[in-house]
Amino acid sequence: RKDYFMLSIIVPVYNGEKYIQRCLDSIRKQTYKEFEVIIVDDGSYDGTGNLCDQSARMDARFRVIHQKNVGVARARNVGLAQAKGDLVFIDADDYVDSDYLEKLMEGFSYSGVDICYCAGQDEDEEQNILSRGGRNEDVFISVKDYEWNGDLQHPVVWGAIFRREIVEGLQFDERFPVGEDSLFFAKCLKKARNLYFVSDTVYHYVQCRESAAHGEFNLKRMSEIYAWEEICNLYQNSFAENLVKVALIIRIKEKCNQYYNDQTFRNQGYMKMMITKYRSLQIIYFKELINTNKYRELFTAIVFGLWPNFYLKIKNK
């Protein structure tokens with residue numbers, strides 16, 4: 001279809017010489033050919049810049065923007081400002097199958113689809129498979145039926161194509177070093193009509209040990225929670241208000257479990273703050289678990305709310 005002729009692939013990268021070549025090679029090998037690649041080198045001081053420049057010299061569809069280090073949100077915004085087509089975001093440490101774009105483009109043959117996304121395959125840095133997401137069949141989804149907390153949730157920007165019309169006027173919120181992509185996706189979803197889920201695991205999400213979203217606790221990790229609070233504000237008084245709050249609650253619980261043994265998290269008040277947030281929203285969570293007959297999860301949710309230290313001590317044995 002003519003309106004989906006051109007894709008703009010934005011790849012932000014910072015000190016990624018170990019993996020950027022694999023990412024760019026996987027893009028170059030796409031069976032769907034009509035795209036441009038905007039690589040934003042965010043102040044790398046290793047060999048990343050040279051590798052990106054080499055890719056641009058090899059393929060006219062690739063171009064590189066070099067800038068001082070300002071973070072992934074600003075880097076993506078720089079790419080957005082240069083993009084000409086429908087939007088694709090690929091993280092520099094990830095890679096895609098050769099039919100990635102072609103598979104996603106098929107979803108736009110259905111009427112009114114504004115976001116087409118795929119299942120991701122989680123891998124570690126040695127390419128060992130950690131998990132596969134989604135379901136075994138493709139699914140057409142009305143925005144009102146989007147699963148904020150189900151198998152088809154996808155509150156990230158990788159693994160998707162966004163129609164330019166719904167991205168127009170939007171930017172990544174540069175206050176959040178983690179969770180900025182979830183907030184951007186939520187903004188897009190609010191402007192979209194329908195989504196299409198492709199069950200093929202054609203996107204490889206690589207969990208680097210010290211990426212912005214993984215690794216040991218630091219203050220940047222807390223920004224994911226703040227970003228989800230912003231999403232809750234965005235969907236206030238809407239059909240998805242409680243579902244979004246449940247998504248926030250789940251992330252609060254996960255963060256407490258993930259960083260329970262971290263002294264900074266526990267001793268500087270971050271865990272206490274998270275528990276307070278959890279308790280302020282827990283009734284909504286309990287009701288959702290009852291409505292979906294998840295009584296085992298309800299029991300653990302109640303225990304966590306009443307005795308968080310006991311619950312987390314048992315979980316982290």
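A salt bridge is counted here when a side-chain nitrogen of Lys or Arg lies within 4 Å of a carboxyl oxygen of Asp or Glu. The exercises below apply this rule and others to a predicted model.

**Exercise 1. Salt bridges**

Find how many salt bridges the rule gives, and then decide how arginine 28 and aspartate 25 are placed relative to each other in helix α1.

Solution. By this rule the count comes to 19 salt bridges. One of them joins the side chains of arginine 28 and aspartate 25, with a distance of 2.8 Å from N to O, and this value lies within the 4 Å that the rule allows. Because the two residues are 3 residues apart in helix α1, arginine 28 and aspartate 25 are separated by about one helical turn. As a further step, consider the cover of each residue: arginine 28 has a relative accessible area of 17% and is therefore buried, while aspartate 25, at 24%, is partly exposed. Both residues also belong to a network of salt bridges that links Asp25, Arg28, Asp59 and Arg61.

**Exercise 2. Bridges between distant parts of the chain**

For the pairs lysine 84 with glutamate 36 and aspartate 114 with arginine 193, state where each partner lies and whether it is buried, partly exposed or exposed.

Solution. Begin with lysine 84 and glutamate 36, whose closest N and O atoms are 3.7 Å apart. This pair links distant parts of the chain, since lysine 84 lies in the loop between α3 and β4 and glutamate 36 in strand β2, 48 residues apart. Lysine 84 has a relative accessible area of 57%, so it is exposed, whereas glutamate 36 has 7% and is therefore buried.

Turn next to aspartate 114 and arginine 193, where the closest N and O atoms are 3.0 Å apart. Here aspartate 114 sits in strand β6 and arginine 193 in the loop between α6 and β10, with their positions 79 residues apart in the chain. Aspartate 114 counts as buried because its relative accessibility is 3%, and arginine 193 counts as partly exposed because its value is 44%.

**Exercise 3. A strand and its partner**

Describe how the side chains of strand β8 are arranged, and name the strand with which β8 pairs.

Solution. Along β8 (residues 139-142) the side chains alternate, so that Val139 and Ile141 point to one face and are buried, while Phe140 and Ser142 point to the other face and are not buried. The next step is the pairing: β8 runs antiparallel to strand β10 (residues 194-206), and 4 bridges connect the two strands. Within this pairing, phenylalanine 140 has tyrosine 196 of β10 as its bridge partner.

**Exercise 4. Positive phi**

Explain what is notable about the phi angle of asparagine 293, and say where this residue lies.

Solution. Start from the general expectation that most residues other than glycine have a negative phi. Asparagine 293, although it is not a glycine, has a positive phi of about 60°. Asparagine 293 is found in the loop between α10 and α11, and at 55% relative accessibility it counts as exposed. A second case is asparagine 15, with a positive phi near 50°, in the loop between β1 and α1.

**Exercise 5. A nonpolar surface patch**

Name the residues that make the nonpolar surface patch, and identify the helices that supply them.

Solution. The patch, of about 520 Å², is made by Ile302, Leu306, Trp307, Phe310 and Ile314. Helices α11 and α12 each supply at least two of its residues. Leucine 306 is found in helix α11 and is partly exposed, because its relative accessible area is 49%.

Methods. Residues numbered from 1 in each chain as written. Predicted model: local features only at pLDDT ≥ 70, side-chain atom pairs only at ≥ 80, totals over all residues. Heavy atoms only, no water. Buried < 20%, exposed > 50% of the residue type's maximum accessible area, 1.4 Å probe, protein only. Pairing = 2+ DSSP bridges. Patch = residues over 30% accessible without salt bridge, like charges linked within 9 Å, V, L, I, M, F, W, Y side chains within 5 Å. Areas by Shrake-Rupley, 256 points an atom, 1.4 Å probe, with all protein chains shown as cover.
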